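Hi,

Here is the structure I said I would pass on. Have a look first, and my notes follow underneath.

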Amino acid sequence: MLRKFLTIGVAALLGAPAEPIPTKSPKTFRDLMVARGFDVVALYHLDSLGWVVPARFDGTRVPLLLDTGGTFTILDRSLVEQIGLPVESSRSQLKGVEGRKADFGTTRFQLVELGPLAFEKPSIGVADLGAVPRPRLGR
């Protein structure tokens, strides 16, 4: 079943509300989304990174950087190796802002949890993120 969820600060809406909109006006945007059946996933802000979502990958706590423009989820290869999961190689590569490339693979976790949400056996991208430079904001 496709779950709906709301992140405080950024709304990530999956699926359409099945319930009618309440007749009583909600006081906040959060109240409106909860009334429409969306779950809440709390975020916190790290000055050096941006918005972070606390997550668990097969029970291991992992802070995820919220990338609203990302097309898929990528974890650093060293983290996946630390957890002990195999990485399936592919012919794909990631390309950083300076043109440097990193090999891209995938792994499959048994359970990924984001706050109250749980995803069983998702396939997650894996790359050596240290090899791909990231842009600095304000430059």
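A contact here means heavy atoms within 4.5 Å. Before the notes, two points on the source: this is a predicted model, where local features need pLDDT of at least 70 and side-chain atom pairs count only at pLDDT 80 or more, while totals for chains, interfaces and linings use all residues. Residues are numbered from 1 along each chain as its sequence is written, and side-chain values use heavy atoms, with hydrogens and water left out.

Let's start with threonine 107, which sits in strand β8 (residues 101-108). Helices (H or I, at least four residues) and strands (E, at least two) are DSSP runs, numbered from the N terminus. Threonine 107 counts as buried because its relative accessibility is 5%; the cut-offs are under 20% for buried, over 50% for exposed and partly exposed in between (1.4 Å probe, protein chains only). Leaving aside neighbours within four places in sequence, threonine 107 touches Val80, Leu85, Pro86, Pro122, Ser123, Ile124 and Val126. Its side chain also reaches the backbone oxygen of proline 86, at 2.7 Å.

Now the overall layout. The chain has two helices and 11 strands, in the order β-α-β-β-β-β-β-α-β-β-β-β-β. Of its 139 residues, 25% are buried. If you take the contacts with a separation of 6 or more, 46% of them join residues 24 or more positions apart. The accessible surface comes to about 9,700 Å², and carbon and sulfur atoms own 53% of that (Shrake-Rupley method with a 1.4 Å probe; for residues, only the protein chains shown count as cover).

What about the inside? A nonpolar core is a set of buried Ala, Val, Leu, Ile, Met, Phe, Trp, Tyr and Cys residues joined through side-chain atoms within 4.5 Å. The largest one has 16 residues, and those with the most contacts inside it are Val53, Phe57, Val62, Leu64, Leu75, Phe109 and Leu114. Two or more residues each come from β4, β5, α2 (77-83), β9 and β11, with β4 giving the largest share, three residues. Leucine 75 is a good one to click on: beyond its neighbours within four places in sequence, its contacts include Phe57, Val62, Leu64, Phe109 and Leu129.

On the outside, Tyr44, Leu46, Leu49 and Leu65 form a nonpolar surface patch with about 360 Å² of accessible area together. Patches are made of residues with over 30% relative accessible area and no salt bridge, with like charges joined within 9 Å and nonpolar side chains (Val, Leu, Ile, Met, Phe, Trp, Tyr) within 5 Å; a salt bridge is a side-chain nitrogen of Lys or Arg within 4 Å of a carboxyl oxygen of Asp or Glu. Leucine 49 lies in the loop between β3 (44-46) and β4 (50-57) and is exposed, at 51% relative accessible area.

Some loop residues to finish. Glycine 115, between β9 (111-114) and β10 (117-120), counts as exposed because its relative accessibility is 53%. Even so, glycine 115 has contacts with Val41 and Pro54, not counting neighbours within four places in sequence. Its C-alpha is 7.6 Å from that of valine 40, although the two are 75 residues apart in sequence.

Which phi values are positive in a residue other than glycine? Aspartate 58 has one, near 50°, and lysine 121 has one of about 50°. Aspartate 58 is in the loop between β4 and β5 (60-65), and lysine 121 in the loop between β10 and β11 (123-127). Aspartate 58 is partly exposed at 30%, as is lysine 121 at 48%.

Cheers

Definitions and conventions: A polar contact is a pair of N or O atoms within 3.5 Å; within protein, one must be able to donate a hydrogen and the other to accept it, and residues adjacent in sequence count only if both atoms are side-chain atoms.
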